[in-house]
Amino acid sequence: MTKARQAYGKGTLAVQGTYQPKNGEPRVLPLYQSTTFAYEQAEDVAALFDLSAEGHLYSRISNPTVAVFEEKIALLEDGVAAVATSSGMAAIFNSILNIAKAGDNILSSKTIYGGTTNLFAVTLPKFGITTRFFDQDASPEEIIALADQNTKLVFGETIVNPGLNVFDFEKFHSICKILDLPLIIDSSLTGPALCNPLKHGANIVVHSTTKYIDGHATALGGIVIDGGNFNWDNGKFDELILPDDSYHGVRYVADFGQAAYATKLRVQLVRDLGNIQSPFNAYLSNLGSETLVLRSKKHSENALAVAKWLQKQKDVSFVRYPGLETDSHYPLAQKYLPNGASGMVTFGIKGGASAAKQFINHLNFIQLVIHCADIRTSILHPESSTHRQLNSEQLLESGVTEDLIRLSVGIEDTHDIIQDLAQAFQTVH
């Protein structure tokens, strides 16, 4: 991507992206549905395995279709490189394992997605990595006090799923500077159209591309974007500095510079774990990403209108949406999400869990699904589904109560969304 193309707006980049056909080639990104690639000389393949030449040797590590998608998202996030994975959870898992090992610990916000909480609290300890959870509203001093010589990173979400807290980038950028640790941000609920964490002090960004980037609930995937803006040579990340015996002594920082983190993630973790995104899913996700900017605007407009309407309903006990002026996170949303606060709205329904389920059961075109953040308006009761594995304390810390309903507002006509909600409210007792 040339500097001239980097100067284009996000809407143009989302459409034109990084794929540029040569004379007579397909105008639309082709699907390279091949596991392997042919070479003329044995020396060519040896150079690929030594990481001394560019190219694709096996689709478990890289693929031309996947590569174009990775380049586009890296460009939209203003990163130096990206690695697409099989799911959003795989992206988070890889982003942690790339710089943490047995005996290390990480710092994470308590208010994160329930599945991520489970990964950090239950699964990572099996790999010898523990998590020290913090309250996002705690003082910098309290958060800094949690770290020790084995702490490797700080983790948070741009917009928390489903609490909808907005991350205070300025505060945590300062904390990470003091600790000399990288800041990893899950920005799945904004996508790169509404927020670019790297521009606010983050070092690594992860997305579930299954959400707004694909936008059509057709392709599972994740992606890790390397900001290229962290000094790994600070005495804490030897695996990025010292020779890698599995690649004949390659030194990632010395040999790959700003893209050291992304390169190591691909050639070590994706190689060994095999959780790369499939070419077909990358093809679909790239196709979806072409309308990302347009969709993000409509999602945000619809969500704000629905949130304002919900505030007026007698059966609603509370409404959370960062775009509402009455929301406690409105100031942070204005600072970090000036182009829209996404399509996610949560609200409480009087009558608790039974009333929430009754309400959901009487909706018409708004469907009950586990997924969120696609073009179709959908709904969920997190306490009995996505966050069911959490204990009462973890639920409270995640902002999930029994009366909370998560509404993923799509891009349908605003009037129709509100009408479906209105008729469902009439059934609640």
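Which residues make a nonpolar surface patch of about 260 Å²? In this predicted model, that patch is made by Tyr39, Val45 and Phe49. Val45 belongs to helix H3, which covers residues 42-49. With a relative accessibility of 30%, Val45 counts as partly exposed. A second patch on the surface is negative in character, and its members are Asp135, Asp137, Glu141 and Glu142. Of these residues, Glu142 can be placed in helix H7, a helix running over residues 140-144.

From the surface, the description can turn to the interior. The largest nonpolar core holds 46 residues, and Phe172 and Leu183 are those with the most contacts inside it. Several elements give two or more residues to this core: the helices are H4 (64-77), H8, H9 (191-194) and H15 (330-336), and the strands are S1 (81-85), S5 and S7 (222-226). Helix H4 supplies the largest share, with 6 residues.

Charged side chains come next. Side chains of opposite charge can pair when their charged atoms come close. The model contains 9 salt bridges by the distance rule applied here. Three residues, Lys101, Asp104 and Lys152, are linked in a network of such bridges. On one side of this network, the side chains of Lys101 and Asp104 meet with an N to O distance of 3.8 Å. Lys101 is partly exposed, its relative accessible area being 45%, whereas Asp104 counts as buried at 5% relative accessibility. On the other side, Lys152 and Asp104 form a salt bridge at 3.0 Å, again N to O. Lys152 sits in strand S4, while Asp104 is in the loop between helix H5 (88-97) and strand S2 (105-109), so this pair ties together parts of the chain that are 48 residues apart in sequence. Both partners of this bridge, Lys152 and Asp104, are buried.

Another salt bridge joins Arg132 and Asp148, whose closest N and O atoms are 2.8 Å apart. Arg132 lies in strand S3 (residues 130-134) and Asp148 in the loop between H7 and S4, so the bridge connects parts separated by 16 residues in sequence. Here both ends are partly exposed: Arg132 has a relative accessibility of 27%, and Asp148 has a relative accessible area of 30%.

The backbone also offers some points of interest. Most residues other than glycine have a negative phi, and most peptide bonds are trans. Against that background, the peptide bond joining Asn161 and Pro162 is cis, with omega at about 10°. Pro162 is found in the loop that runs between strand S4 (151-157) and helix H8 (169-179). Two residues other than glycine, Asp180 and Ala373, can be named for a positive phi. For Asp180, phi is near 55°, and the residue is found in the loop between H8 and strand S5 (183-186). For Ala373, phi is near 70°, and the place of this residue is the loop between strand S10 (367-368) and strand S11 (378-380). How does the surrounding of these two residues compare in terms of cover, and which of them is buried or partly exposed? Asp180 is partly exposed, with a relative accessible area of 32%, whereas Ala373 is buried at 0%.

Finally, two C-alpha distances help to place parts of the chain relative to each other. Gly343 lies in the loop between H15 and strand S9 (344-349), and at 0% relative accessibility this glycine counts as buried. The C-alpha atoms of Gly343 and Ile411 are separated by 8.8 Å, with their positions 68 residues apart along the chain. The other distance starts from helix H15, where Gln334 is located. Gln334 is partly exposed, at a relative accessible area of 44%. From Gln334 to Lys22, the two C-alpha atoms are 42 Å apart, and these residues are 312 residues apart along the chain.

Note on methods:
Residues are numbered from 1 along each chain as its sequence is written. This is a predicted model: local features need pLDDT of at least 70, side-chain atom pairs count only at pLDDT 80 or more; totals for chains, interfaces and linings use all residues. Side-chain values use heavy atoms; hydrogens and water are left out. Patches are made of residues with over 30% relative accessible area and no salt bridge: like charges are joined within 9 Å, nonpolar side chains (Val, Leu, Ile, Met, Phe, Trp, Tyr) within 5 Å. Accessible areas come from the Shrake-Rupley method with a 1.4 Å probe; for residues, only the protein chains shown count as cover. A salt bridge is a side-chain nitrogen of Lys or Arg within 4 Å of a carboxyl oxygen of Asp or Glu. Lys and Arg count as positive and Asp and Glu as negative; His and the chain ends are not counted. The place of a charge is taken as NZ of Lys, CZ of Arg, CG of Asp or CD of Glu. Helices (H or I, at least four residues) and strands (E, at least two) are DSSP runs, numbered from the N terminus. Buried means under 20% relative accessible area, exposed over 50%, partly exposed in between (1.4 Å probe, protein chains only). A nonpolar core is a set of buried Ala, Val, Leu, Ile, Met, Phe, Trp, Tyr and Cys residues joined through side-chain atoms within 4.5 Å.
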